[in-house]
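Work through the exercises below with the model open. Each task is followed by a solution in steps.

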Amino acid sequence: MKKFITNVAVISCLVLTAQQFSAQKVVVNREVETTNDGKMLLGHQLKDQFLKAPYADWYVKEHDEYAMDQKAINDLKKDKINSYNIIVFMGTWCEDSHRDFPRLMKILEEVKYPDNKLTIIAVNRKKESPAGDEGRYNIQKVPTIIVEKYGKEIGRIIEMPTTGYIERDLVNILKKDDQSVINEIIK
């Protein structure tokens, strides 16, 4: 009888674990139709989604016309931006996202940033996503670009870059991270 109870307990644990894994499956490239905004992306997205209509109308123009600060691009390469994770919250309904999200993508392409280190999360007008990621990151405005290392937030750009250039703000975030590492070593 004891063996039977042990077996039931083990099977129950396995079933619960399997349910947890299936519950955490993330839907990618979700698109919804809204009354006020028409088609809208919602939740986790891959960057090729923005090359499709109707998003390509604003994405391609801003991406292609953006003139990057080459010094800042070189600094990003030197500061190894590719060793950081970037999470972007944006809205396909948002003018600031229409401007800055394509610019960020052009910058990341220029520094050969790996796609697997980039998370793009589209939110609705209430700044909500299907998986509730916005709560974990306390998202109030979009776009919000978050830079992380080892799961710890290093810095973020909220709504628009303070320097006027996303790449310059990213350089400042990475320099701040370098300084915190130096401070830890000195301690």
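**Exercise 1. The cover of a helix**

What covers the buried residues of α2?

Solution. The model is predicted: local features need pLDDT of at least 70, side-chain atom pairs count only at pLDDT 80 or more, and totals for chains, interfaces and linings use all residues. Residues are numbered from 1 along each chain as its sequence is written, and side-chain values use heavy atoms, with hydrogens and water left out.

Step 1. Fix the elements. Helices (H or I, at least four residues) and strands (E, at least two) are DSSP runs, numbered from the N terminus.

Step 2. List the buried residues, where buried means under 20% relative accessible area, exposed over 50%, and partly exposed in between (1.4 Å probe, protein chains only). In α2 they are Ala56, Trp58, Tyr59 and His63.

Step 3. Find the cover through contacts, that is, heavy atoms within 4.5 Å. The cover of these α2 residues includes β4 and α4 (95–110).

**Exercise 2. The chain as a whole**

State how many helices and strands the chain has, and in which pattern they follow.

Solution. Step 1. The chain holds six helices and seven strands.

Step 2. Along the sequence the pattern reads α-β-β-β-α-α-β-α-β-α-β-β-α.

Step 3. The chain has 187 residues, and 41% of them count as buried. Among contacts with a separation of 6 or more, 64% are between residues 24 or more positions apart.

**Exercise 3. Strand β6 and its partners**

Determine which strands pair with β6 and how far β6 is covered.

Solution. Step 1. Two strands pair if DSSP finds at least two bridges between them. Strand β4 (residues 85–90) runs antiparallel to β6 and is joined to β6 by five bridges. One of the residue pairs here is Phe89 with Thr144 of β6.

Step 2. Strand β7 (residues 152–158) is also an antiparallel partner of β6, over six bridges. In this pairing Ile146 stands opposite Arg156.

Step 3. Between β6 and β7 lies a hairpin turn of two residues, and Tyr150 in this hairpin has a positive phi near 55°.

Step 4. Check the accessible area of β6 (residues 144–149): six of its six residues are buried. One side carries Thr144, Ile146 and Glu148, the other Ile145, Val147 and Lys149, and both faces are covered.

**Exercise 4. A second hairpin**

Describe how β1 and β2 are joined.

Solution. Step 1. β1 (residues 31–34) and β2 (residues 38–41) are antiparallel and share four bridges.

Step 2. Glu33 has Lys39 of β2 as its bridge partner.

Step 3. The two strands form a hairpin, with three residues between them.

**Exercise 5. Three residues compared by surroundings**

Are Gln49, Glu134 and Asp96 buried or exposed, and what do they touch? Neighbours up to four places away in sequence are left out of the contact lists.

Solution. Step 1. Gln49 lies in the loop between β3 and α2 (56–65). Gln49 counts as buried because its relative accessible area is 6%. Its contacts are Asn29, Leu41 and Tyr55.

Step 2. Glu134 belongs to helix α5 (residues 133–137). At a relative accessible area of 13%, Glu134 is buried. Glu134 is in contact with Phe89, Lys127, Glu128, Ser129 and Ile139. With Ser129 there is a side-chain polar contact of 2.7 Å (a pair of N or O atoms within 3.5 Å; within protein, one must be able to donate a hydrogen and the other to accept it, and residues adjacent in sequence count only if both atoms are side-chain atoms). Gly43 is 91 residues away along the chain, yet the C-alpha atoms of Glu134 and Gly43 are separated by 9.9 Å.

Step 3. Asp96 sits in helix α4. Its relative accessible area of 15% makes Asp96 buried. Asp96 touches Phe101, Val142, Pro143, Glu159 and Met160. A polar contact of 3.2 Å links the side chains of Asp96 and Arg99.
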